[in-house]
Amino acid sequence: MRFDIITIFPEMFASVFSGGVVRKALEKGVVRIAVHDLRDFTEDKHRQVDDRPFGGLEGMVLKPEPIFRAVEAVRQAEGTSRVYLLSPQGRPLDAALARELASQGQVVLVCGRYEGVDERVADHLVDGEISIGDYVLSGGELAAAVVVDAAARFVPGVVGKEDSVRNESFAGGILDFPQYTRPREFRGFKVPQVLFSGDHKKIERWRRKKALEKTVRRRPDLVAHRTLAPEDRRLLEETSNERKDE
Ligand code: SAM
């Protein structure tokens, strides 16, 4: 999987990909990341990437020409690739989109800055816009790093065991089950007894039940329009009966 990131702050990416799962993926060669300085695609001596907005507002807007040139250069060097603009107005990033990006093999991410990007980039250059949430960041760089991390996890060979991605929150449409490690008891807080039972079926059932219970409590929107499997319905009934007995 290859990510090309176009930005006016290429140095911001050095530390963010220098640790953890993404770094390992880079070392193994299953993920490649190329960061391009937008200023390298300017043609004036001041390497100007921004200008005042037409219509007379405050602030600056990223100019279209360097962005078009940068994307065209990457496309020429790397072949057809899907291009996305990071934008608070874009499609919200979720597990489905992260998986979709991972399956594309190559993705170009354009980072905006200042008041945003000349609209002709969104209208005539990119294939889509991606938002990482309903808030406004100062630039697309942090958003691009989030997109790379989330998508890279779905690239085969990036996360050690396939199972860890499969069970994660959202992957199966619900939140993850609770996890515990040593010590068995800490400040009087005990790890649930079932996890020491050695009965894998029982543990699996308990995990599913806890995951469903958490999802219904914290993110009911995730299951509101889904028809739950009969076993899942039974587990949720058990949970609500247990709560009534408390
Ligand atoms: N004026 C723009 C608006 O309100 O839609 C916001 C511009 S923002 C200050 C500068 C850049 O940060 C954007 O062009 C975009 O690339 C990036 N950005 C800000 N918030 C974002 C978000 N939630 N998701 C993805 N990118 C974001």
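This is a walk through a predicted model, from its ligand to its pockets and then to two spots in the backbone.

Let's start with the ligand. Around the ligand there are 20 residues, and L86, Q89, E115, Y135 and L137 come nearest. If you sort this shell by class, you will find 9 nonpolar residues, 9 polar ones and 2 charged ones.

Now zoom in on the backbone contacts. A polar backbone atom of L86 lies 2.6 Å from an oxygen atom of the ligand, so L86 is worth picking out on screen both for this pair, which falls within the 3.5 Å cut-off for a polar contact, and for its place among the nearest residues. At G112, a backbone N or O atom is 2.9 Å from a ligand oxygen atom. For G140, the distance between a polar backbone atom and an oxygen atom of the ligand is 3.5 Å. How much of the ligand's accessible area does the protein cover? On its own the ligand has 590 Å² of accessible area, and the protein covers 83% of that.

Next, where does the ligand sit? Its place is in the largest pocket. Three elements give two or more residues each to the shell around the ligand: β5 (82-92), β7 (128-131) and α6 (140-152). Of these, β5 gives the most, with 4 residues.

Let's step back and look at that pocket as a whole. The largest pocket holds about 810 Å³ of space. It is lined by 38 residues, of which R113, E115, G116, V117 and D118 are the closest to its centre. E115 is a handy landmark here, as this residue is also among those that come nearest to the ligand. Which elements supply at least two residues of the lining? They are β4 (61-62), α3 (64-78), β5, α5 (119-124), β7 and α6. Once again β5 gives the most, this time with 5 residues. By class, the lining of this pocket comprises 18 nonpolar, 9 polar and 11 charged residues.

There is a second pocket to visit. The second largest pocket has a volume of about 450 Å³. Among the 17 residues of its lining, D94, A95, A96, S169 and F170 are the closest to the centre. Here helix α4 (residues 95-103) gives the most to the lining, with 4 residues. The class division for this pocket is 10 nonpolar, 2 polar and 5 charged residues.

Finally, two backbone details deserve a look. One is the peptide bond from R182 to P183, which is cis, with omega near 5°. You can find P183 in the loop between α7 (162-166) and β8 (185-186). The other is Y114, which has a positive phi of about 55° although it is not a glycine. Y114 belongs to the loop between β6 (106-110) and α5, and α5 is one of the elements that supply at least two residues to the lining of the largest pocket.

Methods:
Residues numbered from 1 in each chain as written. Predicted model: local features only at pLDDT ≥ 70, side-chain atom pairs only at ≥ 80, totals over all residues. Heavy atoms only, no water. Near = heavy atom within 4 Å. Polar contact = N/O pair within 3.5 Å; in protein donor to acceptor, adjacent residues only side chain to side chain. Areas by Shrake-Rupley, 256 points an atom, 1.4 Å probe, with all protein chains shown as cover. 1 Å grid on protein atoms, 1.4 Å probe; cavity = no way out; pocket = protein on both sides within 12 Å on 5 of 7 lines; lining within 4 Å. Sits in = over half its atoms within 2 Å of the grid points. Nonpolar A, V, L, I, M, F, W, Y, C, P; charged D, E, K, R; others polar. Points joined across faces, edges and corners; volume = space filled by probe spheres on them.
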